[in-house]
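Could you walk me through this structure in plain language? I'm new to it and would like an easy route through its inside.

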Amino acid sequence: MAADAKPVISGTGISQIGRRTGIAAIDLTEQAAAEAISEAGLTPADIDDVISLGDTPTAEAAARLGIARVTDRPVPFGPRGLLEPVAAACEAVTAGGARHVLVYRTVQMIGGTVDADSSTESKDAAKSGGRPGPMADSEIGHLLAAHAYSAANWLAMHCRKHMDLYGTTKEQLGWLAINARRNAARNPLAVYRDPITMDDYLSARPISSPFGLLDCDVPVDGSIALVISAPGHRGDTPHPAVTVEAYGGASGAGGWTRRLDYPAMAAVDAAADMWSRTTLTPADVQLAELYDGFSFLTLSWLEALGFCAPGEGGPFVEGGQRISLDGVLPLNTYGGQLSAGRMHGYWVLHEACRQLRGLAGPTALPRRPEVAVVSAGGGPIAGCVLLTC
């Protein structure tokens, strides 16, 4: 598909972000969505549909915003995982079923539809009778028998296997946390901005070996919204539109523990799917905003996306230079989920768009990028998006 025929992200919005703010989910959603619509150069009357993962009900959000046309349906986890609403919106505008679609993700630590103190996978488990994501009964039974109750445990096992196979070290993971905090210091919305040292990282409270507290993302309250528009809107936006060059996803194969290439995850399949839909390659990417629900997930995404070979993620990030703001692949420039806050794969999208459009403000790179990759998910559910401007 030619670039001028691909969907665009015409506007982005972000609410207040904080820990235990007490702000109602609908109010957070309204903040982010109203900003996204305005930034797209639109009014609520221009929006043809509203899609979310089932956070604030879409009909409630539409009513608050004054959007008349909305399909009141949450989009469930599909082959693109957390990014399924984005893919659904892109498909809607590409097929001509809509011209402008509002997509949002709203999370709350306490009292919301999404309890961000528990993992996305754990919430999915609660909704499906204890089976997190695409997981066989025999697999969950095996994990529970081993007292592995959450994604923190399951991904810690992936990480430990990676260490055993490739010599990956705890210190190499530490560079991801240090880089995230260094970038968060420039972001006024990030919840944790004080610098950390390698000693701070290594001495942090253990969570699930080899993960410590600073390997885990930070639960927050907040909302992020995007407007996905038909390509013809590109010339009508107040700011440069971002082209959705390609996206990919994968779900289910091998569950959490039974892939033949374990400790690889669905990220491998999602990345292959995305790269199959574009002529661009990893060498073209100038910015990476990658999921860091746990530090190891970012390492896994770097390998899956082809920025380094399997097993070479640790050396790739060691020392922090390659992933720094002036490195060959700036990573999680806003602070990531490890320091800025857990927005379940949507702050990475927001930041990538802001960087590509030249609107990143205090987190802006020294040189404005033209190609960025975004990823979300871990274990058996993964999605990724390639963006250009």
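Let's begin with a word we'll need: two residues are in contact when they have heavy atoms within 4.5 Å of each other. Keep in mind, too, that this is a predicted model.

With that in hand, take G78, which sits in the loop between helix 2 (58–65) and helix 3 (84–94). Setting aside neighbours within four places in sequence, G78 is in contact with E84 and S251. G78 has a relative accessible area of 16%, and buried means under 20%, so G78 counts as buried. There's also a far-off stretch of chain to look at here: G383 is 305 residues away from G78 in sequence, yet their C-alpha atoms are 9.5 Å apart in space.

E84, one of the contacts of G78, leads us on to charged pairs. E84 forms a salt bridge with R80, with 2.9 Å between the closest N and O atoms. Both ends are tucked away: E84 is buried at 8% relative accessible area, and R80 is buried as well, at 12%. Elsewhere, D27, E30 and R64 are joined into one network by salt bridges that share partners.

How many salt bridges are there altogether? The count comes to 13. Let's pick out a couple that span long stretches of sequence. In one of them, the side chains of E245 and K6 meet with 2.9 Å from N to O. E245 belongs to strand 7 (residues 242–251) and K6 to the segment before strand 1 (8–14), so this pair ties together parts that are 239 residues apart in sequence. E245 and K6 are both buried.

Another salt bridge brings together the side chains of R354 and E39, at 2.3 Å from N to O. Here R354 comes from helix 13 (residues 347–357) and E39 from helix 1 (residues 25–39), so the bridge links parts 315 residues apart in sequence. Once again, both partners, R354 and E39, are buried.

Helix 13 deserves a stop of its own. Buried residues make up 11 of its 11, so helix 13 is largely enclosed by the rest of the structure. Among those buried residues are W347, L349, H350, E351 and R357. Just after helix 13 comes G358, with a positive phi of about 75°.

L349 also takes us into the largest nonpolar core, which has 102 residues. Along with I9, W301, L305, V373 and L387, L349 touches the most other members of that core. Which helix gives the most to this core? That's helix 6 (residues 151–166), with seven residues. For a closer view, look at L305: leaving out residues up to four places away in sequence, L305 touches A271, M274, W275, P282, L290, V373 and C384. A second, separate core has 17 residues, including A33, A36, A61 and A225.

Finally, let's turn to empty space. Rolling a probe the size of a water molecule over the atoms shows where such space is left. The structure holds four cavities of 30 Å³ or more, and the second largest has about 50 Å³ of space. Its lining consists of L176, N179, A180, D292, T298, L331, N332 and L338. By class, that lining has four nonpolar, three polar and one charged residues. Helix 7 (residues 170–184) provides the largest share of the lining, three residues.

Definitions and conventions: Residues are numbered from 1 along each chain as its sequence is written. This is a predicted model: local features need pLDDT of at least 70, side-chain atom pairs count only at pLDDT 80 or more; totals for chains, interfaces and linings use all residues. Side-chain values use heavy atoms; hydrogens and water are left out. A salt bridge is a side-chain nitrogen of Lys or Arg within 4 Å of a carboxyl oxygen of Asp or Glu. Helices (H or I, at least four residues) and strands (E, at least two) are DSSP runs, numbered from the N terminus. Buried means under 20% relative accessible area, exposed over 50%, partly exposed in between (1.4 Å probe, protein chains only). On a 1 Å grid over the protein atoms alone, a cavity is a set of points where a 1.4 Å probe fits but cannot get out, and a pocket is an open set with protein on both sides within 12 Å along at least five of seven lines; lining residues have an atom within 4 Å of a point. Grid points are joined across faces, edges and corners, and a volume is the space filled by probe spheres set on the points. Ala, Val, Leu, Ile, Met, Phe, Trp, Tyr, Cys and Pro count as nonpolar, Asp, Glu, Lys and Arg as charged, and the others, Gly among them, as polar. A nonpolar core is a set of buried Ala, Val, Leu, Ile, Met, Phe, Trp, Tyr and Cys residues joined through side-chain atoms within 4.5 Å.
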